[in-house]
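Visitor: I'm new to this one, so please zoom in on a single part for me. Take your time, and show me how that part sits among its surroundings.

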Amino acid sequence: MAVATGGTTGAAGTAARRRALCLVLVLLAVQVGWLARPAYACGCGAVVHGPDTTVAVHHETSVVQWDGGTERIAMSLTVDGTAPDAAWIMPVPHRATVRLGDPELPDELGEITAPAVELRHHFWPRGGEWPFEADFGGSVSAAPPPADPSVGVVGRERLGPFDVARLTAADPGALRGWLTAHGFHLPPALAEALRPYVAQRWEYVAVRLAPADHGTPLTGTLDPLVLSFASDRLVYPMRLSRLATTPQALSLYLLAPHRMAPRSAIGGAPARVVYAGRIRPQDVVRDFAGPAPVFLTALDQDFPQPHRISGDHEFRRTAADTPYRRVRQVDTLLTVGGIPLWIPTAGAALLLLMAATAALTAGRRRRGPAVPTVRPPMPPG
């Protein structure tokens, strides 16, 4: 009887292990299938790539300069994925020219717009400062032409690692066919999303990128590209990124004659102003925007639900060119010559107390012991 019970238990355990293994295999298949789905994400346009690969844009930083008639966009993407090459499409309202940008441009603007540091000193040490920490000196820390004649190739250039094609398209299907012929698969949903731009007779900049080491996945921050085109309004294309499968983060540096603000949030969180002020361009910013003073408006915006993006960003002049800069308050211990001031102060106070105590003791010793006063007895009355 005991043997029969043991055999039943072993069979049940084997079946349980098989069910668990099947569950693991199913979950693994679901995970692999999820990874194989294209991840389209780009604040300015749409990323396309080969099948069974992924490209996710985690952050986009763009510098936009507008003088009232011409717009210039320096676009830099931070990407991650499994695709060895990829391309993205940027709709533009008028014919564009494209060139390589300086990768130091966003860094230089980041330094200009960094919060001002306001130092606040405190006398007595706090947590993390000696003697409340162990360490006294702790530091602070080229392809064939399209078969479909309804797609026009305005220009084709090789710019560093980028293969840039400036295109016109009579309909989204023709544009999809051109991209497919060049090794990229434009999903039907994205082709449908292009229809508003086709109706407005916009043009397109298709950019293909492959790393120097063939087969290496695209990761990190890509070199910026600069697109220039005529525009009587400051606009930033965003409509296509409603197809993104992950939340989007957008940082914009707007260089214009006046302070600018978006007309609406276009389905994202309200844009946050991180800097506003008139600057005189220097160094890399001067090379991009010219030497004349210009008003810099820096904005950050999050799109937690990209499918709610309703259109393109359009910016307007604010009622006043009110400057703004963030302030970061830093509390520091008051020091003299690198030594916390409370240490010599407390030491001096201790020495004074010891000196006063010693002086009081010495004075008592010089005077000797006190002699008690004895009154004579009163005579009998």
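Guide: Let's take strand 8 and its neighbours, then walk outward from there.

A bit of housekeeping comes before that. This is a predicted model, where local features need pLDDT of at least 70 and side-chain atom pairs count only at pLDDT 80 or more, while totals for chains, interfaces and linings use all residues. Residues are numbered from 1 along each chain as its sequence is written, and side-chain values use heavy atoms, with hydrogens and water left out.

Here is the setting. The chain's secondary structure comes to seven helices and 21 strands; these are DSSP runs numbered from the N terminus, with helices being H or I runs of at least four residues and strands E runs of at least two. Out of 381 residues, 39% count as buried. Buried means under 20% relative accessible area, exposed means over 50%, and partly exposed is in between, with a 1.4 Å probe and protein chains only.

Now for strand 8 itself, residues 162-169. Seven of its eight residues are buried, so the rest of the structure largely encloses this strand. On one hand there is strand 7 (residues 151-159), which runs antiparallel to strand 8 and is joined to it by eight bridges. (Two strands pair if DSSP finds at least two bridges between them.) You can pick out one of the links by finding Glu157, whose bridge partner in strand 8 is Val164. Strands 7 and 8 form a hairpin with two residues between the strands, and in that hairpin Gly160 takes a positive phi near 60°.

Strand 8 also pairs with strand 9 (residues 203-209): six bridges join them, and again they run antiparallel. Look for Phe162, which stands opposite Leu209 in strand 9. Just ahead of that strand, in the loop between helix 5 (195-199) and strand 9, you'll find Arg201. Arg201 has a positive phi of about 60° although it is not a glycine. With a relative accessible area of 72%, Arg201 is exposed.

Back at strand 8, follow Phe162 and Val164 to a shared contact. Both are touched by Leu225, whose other contacts include Trp88, Leu159 and Val207, leaving aside residues up to four places away in sequence. Contact here means heavy atoms within 4.5 Å. Leu225 also has a place in the largest nonpolar core, which has 33 residues; Trp88, Val205 and Leu225 are the ones with the most contacts inside it. The largest share of this core, four residues, comes from strand 13 (residues 248-256). There is also a second, separate core of 19 residues, with Leu179, Tyr197, Val198 and Ala206 among them. A nonpolar core is a set of buried Ala, Val, Leu, Ile, Met, Phe, Trp, Tyr and Cys residues joined through side-chain atoms within 4.5 Å.

A helix makes a nice contrast to all these strands. In helix 2 (residues 105-112), the buried residues are Leu105, Pro106, Glu108 and Leu109. They cover an arc of only 160° around the axis, which puts them on the same side of helix 2; the arc is that of the directions from the helix axis to the C-beta atoms. On the face turned away from that buried side, helix 2 carries the exposed residues Asp107 and Glu111.

One more stop, for comparison: an open sheet of three strands in the order 12-17-14, with antiparallel pairing. Strand 12 (234-236) and strand 14 (260-262) stand at its edges with a single partner strand each, so one side of each has no neighbour in the sheet. Three bridges pair strand 12 with strand 17 (residues 313-317) in the antiparallel sense, and along that pairing Val235 stands opposite Glu314, while Leu234 stands opposite Phe315. Strand 14 and strand 17 are also paired over three bridges, in the antiparallel sense, with Arg317 in strand 17 as the bridge partner of Met260.

After strand 14, the loop towards strand 15 (272-279) holds Ala269. Ile266 is in the loop between these two strands as well. Ile266 has a phi near 45°, a positive value in a residue other than glycine, and at 6% relative accessibility Ile266 counts as buried. Ala269, at 27%, counts as partly exposed. Ala269 touches Gln301, Asp302 and Pro304, not counting residues up to four places away in sequence. Ala269 and Asp302 are 33 residues apart in sequence, yet 5.6 Å apart in space, C-alpha to C-alpha.
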